[in-house]
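Please look over the sequence and the structure shown here before reading on. The paragraphs that follow lead through the fold step by step.

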Amino acid sequence: MRQIAVLLAAAAVSLAVAAPAAARQPGSTIVETAIAVNQATGEFDELIAAASRAGLVGVLDGNRQFTVFAPTDAAFHELYAAVGVSGVDDIPLPTLRAVLLHHVAPGERFSGDVLGSTRIRTLNGDFLQPTLAGGAAFVDDAQIVLADVDASNGVIHVIDHVLVPGS
């Protein structure tokens, strides 16, 4: 996880430096940051594939500010085993889209804002409940394993479980 944190920071800096002066915003977007980390570490293969299949890449790459609770690849593999599928392509598209939108909140919420909230509305209309337990931060049953990865259009918090709406 430490390697992911270092690579996320390096990717954000390198994309910010490499961005053309005419770019709509300084720095890398949420999508660009996830792709840079994926290229460096292989992490976020499943998240990128899911967002792509669900047609959400353009939304997360735009100008609007978001907070993304980004599950690790291991978290996706746990979900696949639990629901008996082999991968993201086996999940019905409406279900996949609802699950992914349950990981995205409007606005930029760094960890202090997340933990200062009693609940956070997500883009699918449900709520996440942030908590502290044993010195660790959680949203619902997912631990935030890396917080506050800044992007030009929001912030990413890496989590260790896929959040399922209504569970």
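How many residues lie between β7 and β8 in the hairpin that they form? Two residues lie between these strands, and this hairpin is a useful place to begin in what is a predicted model. Within the hairpin, β7 and β8 run antiparallel and are joined by five bridges, with Val149 standing opposite Ile156 of β8. On β8 there is also a pairing with β1, which is parallel and extends over six bridges, and here Thr67 is the residue that stands opposite Val155 of β8.

With these neighbours in mind, the surroundings of β8 can be described. Six of the six residues of β8 are buried, so this strand is largely enclosed by the rest of the structure. The cover reaches both faces, since Gly154, Ile156 and Val158 are buried on one side, while Val155, His157 and Ile159 are buried on the other.

A helix offers another pattern. In α5, the buried residues include Asp73, Phe76 and Tyr80, together with Ala75 and Leu79; they cover an arc of only 155 degrees around the axis, which means that they lie on the same side of α5. An α-helix has 3.6 residues a turn, so residues three or four places apart point the same way. On the other side of α5, by contrast, Ala81 and Ala82 are exposed. The buried residues of α5 are covered by elements that include α3, β1 and α6, and the helix is followed by Gly84, which has a positive phi near 75 degrees.

Phe76 leads from this helix into the interior. Leaving aside residues up to four places away in sequence, Phe76 touches Glu46, Leu47, Ala50, Pro71, Leu100 and Val162. In the largest nonpolar core, which has 30 residues, Phe76 is among those that touch the most other members, along with Phe44, Val68, Leu96 and Leu100. At least two residues of this core come from each of α2, α3, β1, α5, α6, β7 and β8, and a second, separate core of eleven residues includes Phe69, Val114, Leu128 and Val139.

Finally, the protein can be considered as a whole. Its secondary structure comprises seven helices and eight strands, and buried residues make up 43% of its 167 residues. Among contacts with a separation of 6 or more, 65% are between residues 24 or more positions apart. The protein exposes about 8,000 Å², of which carbon and sulfur atoms supply 56%.

Key: Residues are numbered from 1 along each chain as its sequence is written. This is a predicted model: local features need pLDDT of at least 70, side-chain atom pairs count only at pLDDT 80 or more; totals for chains, interfaces and linings use all residues. Side-chain values use heavy atoms; hydrogens and water are left out. Helices (H or I, at least four residues) and strands (E, at least two) are DSSP runs, numbered from the N terminus. Buried means under 20% relative accessible area, exposed over 50%, partly exposed in between (1.4 Å probe, protein chains only). Contact means heavy atoms within 4.5 Å. Accessible areas come from the Shrake-Rupley method with a 1.4 Å probe; for residues, only the protein chains shown count as cover. A nonpolar core is a set of buried Ala, Val, Leu, Ile, Met, Phe, Trp, Tyr and Cys residues joined through side-chain atoms within 4.5 Å. Two strands pair if DSSP finds at least two bridges between them. The arc is that of the directions from the helix axis to the C-beta atoms.
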